[in-house]
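Work through the exercises below with the model open. Each task is followed by a stepwise solution.

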Amino acid sequence: MLDANTKAQLKSYLERATQPIEIVASLDDSKASDETLALLKDVAESSPLVKLTESRDDVYRKPSFSINRPGENHGPRFAGLPMGHEFTSLILALLQIGGYPPKVEDAILEQIRALNGDFEFEIFVSLTCHNCPDVVQALNLMAVQNPRIKTTMIEGGTFQDEVKERQIMAVPTVFLNGTEFGQGRMSLEEILAKIDTSGVEREAKKLDAKDPFDVLIVGGGPAGAAAAVYAARKGIRTGVASERFGGQVLDTMGIENFISVKETVGPKFAIALEEHVRHYEVDIMNLQRAKALVPGKEFVEVQLESGATLKSRTVILSTGARWRNINVPGEHEFKNKGVAYCPHCDGPLFKGKRVAVIGGGNSGVEAAIDLAGIVGHVTLIEFDKQLRADEVLQRKLRSLKNVEIFTNAQTTEITGNQTVNGLVYKDRASGELKTVALEGVFIQIGLVPNTDWLKGTVALSKHGEIEIDAKGQTSVPGVFAAGDATTVPYKQIVIAAGDGAKAALSAFDHLIRTTAPAEEPALPKEAVAA
Ligand SMILES: Cc1cc2nc3c(=O)[nH]c(=O)nc-3n(C[C@H](O)[C@H](O)[C@H](O)COP(=O)(O)OP(=O)(O)OC[C@H]3O[C@@H](n4cnc5c(N)ncnc54)[C@H](O)[C@@H]3O)c2cc1C
């Protein structure tokens with residue numbers, strides 16, 4: 001099953017295990033079961049601590065297997081082959097059951113162990129989904145720590161009937177005790193916050209009691225991370241409150257234009273951002289969504305949705321942007337039931353099917369090219385008379401046989417019956433309404449700044465972007481802004497990071513000018529003469 005190189009890697013990883021690991025496989029006569037068994041035999045051969053038992057029970061999905069400590073049977077379960085992006089999830093589950101400590105703060109481990117209740121998670125994944133392993137690994141870690149938490153990763157390709165029956169059209173999709181719990185990327189902290197509400201209240205009280213910051217950054221994407229590094233290096237008290245540290249790069253696959261990094265993937269880049277910030281004395285307050293900014297004479301207040309209020313002498317707003325909705329009937333109703341925004345994540349769920357991409361800019365055309373390799377057919381719909389993507393992308397798109405392009409076309413409705421079954425667009429030249437039968441619609445019409453919470457406090461452009469000057473200063477003294485949330489053109493990582501650095505230097509400059517001690521009173525002339 002595994003090639004010699006991967007086997008050697010697996011063997012060297014499993015050398016870190018110190019305790020016995022029991023794998024119990026539920027199999028039948030299918031080809032998928034044969035492949036699973038072959039993989040598990042390779043695993044068992046890689047360490048004397050691993051024992052493999054085969055079972056023909058009728059209790060679990062087949063093929064599936066659980067990884068347990070001896071005498072237990074509630075360890076993380078994998079249904080279908082955990083290859084592709086999920087191979088790492090398999091290795092981590094083996095190591096953690098084998099006694100290798102997870103890289104998580106003790107306080108979080110304590111919180112997991114103290115959870116009181118029975119939690120049975122099911123996570124539907126695709127093997128090409130880059131957001132799925134984080135969720136699988138977080139839930140596996142929880143299951144290893146607390147016997148009342150059970151978790152099963154389900155590879156959608158192997159369990160197509162279940163995917164259809166439960167109408168799963170986006171991954172990861174997580175069910176808790178049979179009810180949909182969430183979709184998309186979720187960190188361990190996010191999952192914990194969702195199931196341990198008393199933990200959220202405790203955290204809010206702690207935040208509320210914090211001393212004022214010199215610089216408080218709201219938003220932890222590239223702009224916020226750069227601002228934090230620059231501020232902390234000035235030796236001033238720096239905090240970052242963010243809803244999801246990492247920002248948009250968490251949803252990005254390839255990054256090839258951050259100067260000095262030839263190529264990387266978004267989640268890896270996000271980890272590097274956080275590591276760099278943590279290298280300094282920065283108070284990172286993750287999973288905190290700001291709801292209001294209250295300017296004041298000495299301190300600016302940032303009110304959080306958790307109920308806490310943070311105070312700071314200066315504030316840097318770097319709340320970035322999110323996918324723009326098309327706002328037509330059907331978009332909301334069929335979200336994750338055929339309406340999708342992330343081609344890298346959800347494309348594989350539409351294998352062989354007909355889909356549309358709405359938007360003919362770079363991201364739309366890239367998405368259409370990407371999807372054309374997986375799905376049966378792609379219809380690209382662009383409102384304008386011509387596509388707006390770079391010429392090289394357009395050439396590539398036009399060379400693909402399973403792609404058709406409609407320009408001057410306005411999408412008016414996404415139709416469906418429980419899941420998407422079509423799209424209606426208006427031919428803007430003739431005014432005629434036309435229908436396209438399909439099963440998926442990927443919306444790629446750009447981004448909208450995350451600034452709703454600032455309306456009426458700082459000056460915003462007509463597009464909702466925070467208006468800033470060349471130093472990143474907003475309309476409110478002591479409040480600066482950087483990145484995609486601002487009026488700065490060209491929304492890119494390197495630009496957001498540069499502007500974050502600039503905003504931090506401006507905030508520092510503001511602090512030294514406004515908090516300098518009052519000038520000594522001039523001495524009387526006689527005293528000077530003496
Ligand atoms: C799919 C995709 C691919 C991309 N590819 C590239 C690429 O290859 N190269 C490139 O240079 N750029 C790329 N970009 C653009 C790039 O990701 C952005 O320009 C960059 O991330 C902007 O950084 P930012 O810090 O301004 O905002 P964001 O990355 O959007 O970060 C915003 C931060 O603010 C937080 N936040 C939002 N609202 C609140 C609130 N109310 N309270 C607290 N926190 C809040 C968010 O959780 C997040 O932490 C891509 C974008 C996307 C979506």
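**Exercise 1. Describe how α9 packs against α14.**

Step 1: handedness. α9 passes α14 in a right-handed crossing. The model is a predicted one.

Step 2: contact residues. α9 contributes Pro222, Ala223, Ala226, Ala227, Tyr230 and Ala231. From α14 come Ile493, Ala496, Ala497, Gly500, Ala501, Ala504 and Leu505.

Step 3: classes. The contact of α9 with α14 has 12 nonpolar residues, 1 polar and no charged.

Step 4: geometry. Two packed helices are described by the angle and the distance between their axes. Here the axes of α9 and α14 cross at roughly 35 degrees and come within 7 Å.

**Exercise 2. Characterise the shell around the ligand.**

Step 1: count. The ligand is surrounded by 32 residues. The closest are Arg244, Gln248, Asn257, Ala290 and Asp484.

Step 2: classes. The shell holds 16 polar, 10 nonpolar and 6 charged residues.

Step 3: elements. At least two shell residues come from each of α9 (222-232), β11 (254-255), β17 (321-323) and α14 (493-514).

**Exercise 3. Find polar contacts of the ligand, then state its burial.**

Step 1: backbone partners. A backbone N or O atom of Arg244 is 2.7 Å from a ligand oxygen. For Ala223, a polar backbone atom lies 2.9 Å from an oxygen atom of the ligand.

Step 2: a side-chain partner. An N or O atom in the side chain of Gln492 is 2.9 Å from a ligand oxygen.

Step 3: burial. The ligand taken alone exposes 1,000 Å². The protein buries 89% of that.

Definitions and conventions:
Residues are numbered from 1 along each chain as its sequence is written. This is a predicted model: local features need pLDDT of at least 70, side-chain atom pairs count only at pLDDT 80 or more; totals for chains, interfaces and linings use all residues. Side-chain values use heavy atoms; hydrogens and water are left out. A residue is near a molecule or strand if one of its heavy atoms lies within 4 Å of it. A polar contact is a pair of N or O atoms within 3.5 Å; within protein, one must be able to donate a hydrogen and the other to accept it, and residues adjacent in sequence count only if both atoms are side-chain atoms. Accessible areas come from the Shrake-Rupley method with a 1.4 Å probe; for residues, only the protein chains shown count as cover. Helices (H or I, at least four residues) and strands (E, at least two) are DSSP runs, numbered from the N terminus. Ala, Val, Leu, Ile, Met, Phe, Trp, Tyr, Cys and Pro count as nonpolar, Asp, Glu, Lys and Arg as charged, and the others, Gly among them, as polar. Axes are lines fitted to C-alpha atoms, for helices over the stretch in contact, and angles run from 0 to 180 degrees between N-to-C directions. A crossing is left-handed if the near helix is turned anticlockwise from the far one by less than a right angle, and right-handed if clockwise. Contact means heavy atoms within 4.5 Å.
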